[in-house]
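Student: I have a model open and want to go through the sheets and the ligand site. Can you take me through them?

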Amino acid sequence: MARLHNFSAGPAALPEEVLRQAQEELLDWRGSGCSVMEMSHRGKEFMAILAEAEADLRALMGIPAQYKVLFLQGGATQQFAQIPLNLLAGRSADYIVTGSWSEKAFKEAQKIAPSLAQGSSVRLAATTKASHYTRLPVAEEIKLDPFAAYLHVCTNETIHGVEIPAERIADTGVPLVADMSSHILSRPVNVEKFGLIYAGAQKNIGPSGLTLVIIHQDLLGMAPLCAPTLLDYAVQAENGSMLNTPPTFGIYMAGLVFQWLQKEGGLAGIEAVNREKAALIYAAIDDSQGFYTNPVDPDCRSRMNIPFVLARPELDAEFLAEAKTAGLLGLKGHKSVGGMRASIYNAVPLFSVRVLADFMNDFARRKG
Ligand SMILES: Cc1ncc(COP(=O)(O)O)c(C=O)c1O
């Protein structure tokens, strides 16, 4: 059976080349006599896999030496708690809420702040909830605390399809903490603008079960003494993400994805393809004379996750059924916003996106 066109929001498409390499190496990893899944995480083979994955990621993203790269578990959701646990330390932190994911991060921080050192609190620096998360806040709406322990943002809202363009990431004088789960590695990024970057792997990095944290060394060592050891970034950094058994197969797969990205021309190379892919889908929406609409302000439309609704929702089921017959998977929108969503991560080939755009154009012509 052929592989279909996968527009799932995550876990999502992986590069076919990577899956084939993993398949080839599955039973016997390069003469080791066993699978990566079966080898000790402290053995020299796996240590080499981990070191290479980290070096390749550092090269791809241009991660300076003063940042630690951690390969953790618990998903991005665990980071919603782990970040305040490590960084609040009796202070206040600011959150900018631009969609469901940053809202969840804010609520989780609100939940745990009272159990941290006295004076720990979180503030809502701006929210676009009243605009149904279809835009970014303008400068006048953002009320920043110059003494905040950190400022948290989600640079790509997977459900609402709102992405913060790199040029809108300003230095506010406090460490910037960013949830990049759904667009990490999709475009070049200036890591030095951030204090901490985190991402669940299952969109642009590899399989679920691996969580990436890139943290400036100045932010290490602030966790309270009562913090669980496993959740202390400083301890994880000291132990090279090997405090306990790391998600070994996920790290191996991520390493293969990093190598694949290098062959695609690195982040600048993949960004060019991502621009082209996103332009095809937005054109199918915008040129449909209202048959499809995407509500997001054009200056912050995501290149990775494109939600859209049909003017006649009674056609939704038909759209999805026909899409499935055409080999197009994962297009149903998130239940909180309805309609459709095309997630076009790095590993979704340009060809698949062309097939989707043609399908959308044809469906609109026939039903419009
Ligand atoms: C932007 C963003 N943040 C956080 C999460 C939660 O990730 P996880 O399932 O790895 O906890 C997701 C998952 O879709 C996401 O898209």
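Tutor: What follows covers the main sheet, the ligand site and a second sheet.

Tutor: This is a predicted model, where local features need pLDDT of at least 70 and side-chain atom pairs count only at pLDDT 80 or more, while totals for chains, interfaces and linings use all residues. Residues are numbered from 1 along each chain as its sequence is written, and side-chain values use heavy atoms, with hydrogens and water left out.

Student: What is the strand order in the open sheet of seven strands?

Tutor: The order is E2-E10-E9-E8-E5-E3-E4, with mixed pairing. Strands are DSSP runs of E with at least two residues, helices are runs of H or I with at least four, and numbering starts at the N terminus. Two strands pair if DSSP finds at least two bridges between them.

Student: Which strands are at the edges?

Tutor: Strand E2 (67-72) and E4, each of which pairs on one side only. E2 is joined to strand E10 (residues 211-216) by six bridges, and the two run antiparallel. Leu70 has Val213 in E10 as its bridge partner.

Student: And at the E4 end, in which sense do E3 and E4 pair?

Tutor: Strand E3 (residues 92-97) and strand E4 (residues 121-127) pair in the parallel sense, over six bridges. Asp94 has Arg123 in E4 as its bridge partner.

Student: Changing topic, which residues surround the ligand?

Tutor: Gly75, Ala76, Thr77, Phe80, Trp101, Cys154, Asn156, Thr158, Asp179, Ser181, Gln202 and Lys203. A residue counts here if one of its heavy atoms lies within 4 Å of the molecule.

Student: Which element gives the largest share of that shell?

Tutor: H3, with four residues.

Student: What about polar contacts with ligand oxygen?

Tutor: A polar contact with the ligand is a pair of N or O atoms within 3.5 Å. A polar side-chain atom of Thr77 is 2.5 Å from a ligand oxygen atom, and one of Lys203 is 2.7 Å from a ligand oxygen atom. For Ala76, a polar backbone atom lies 3.0 Å from an oxygen atom of the ligand.

Student: How much of the ligand does the protein bury?

Tutor: The protein buries 85% of the 390 Å² that the ligand exposes when taken alone; areas come from the Shrake-Rupley method with a 1.4 Å probe.

Student: What is the order in the open sheet of three strands?

Tutor: E11-E12-E14, with antiparallel pairing. Strand E11 (292-293) and strand E14 (340-343) stand at the edges with a single partner strand each, so one side of each has no neighbour in the sheet. Four bridges join strand E12 (residues 305-310) to E14, and Ile306 stands opposite Ala342 in E14.

Key: Polar contact = N/O pair within 3.5 Å; in protein donor to acceptor, adjacent residues only side chain to side chain.
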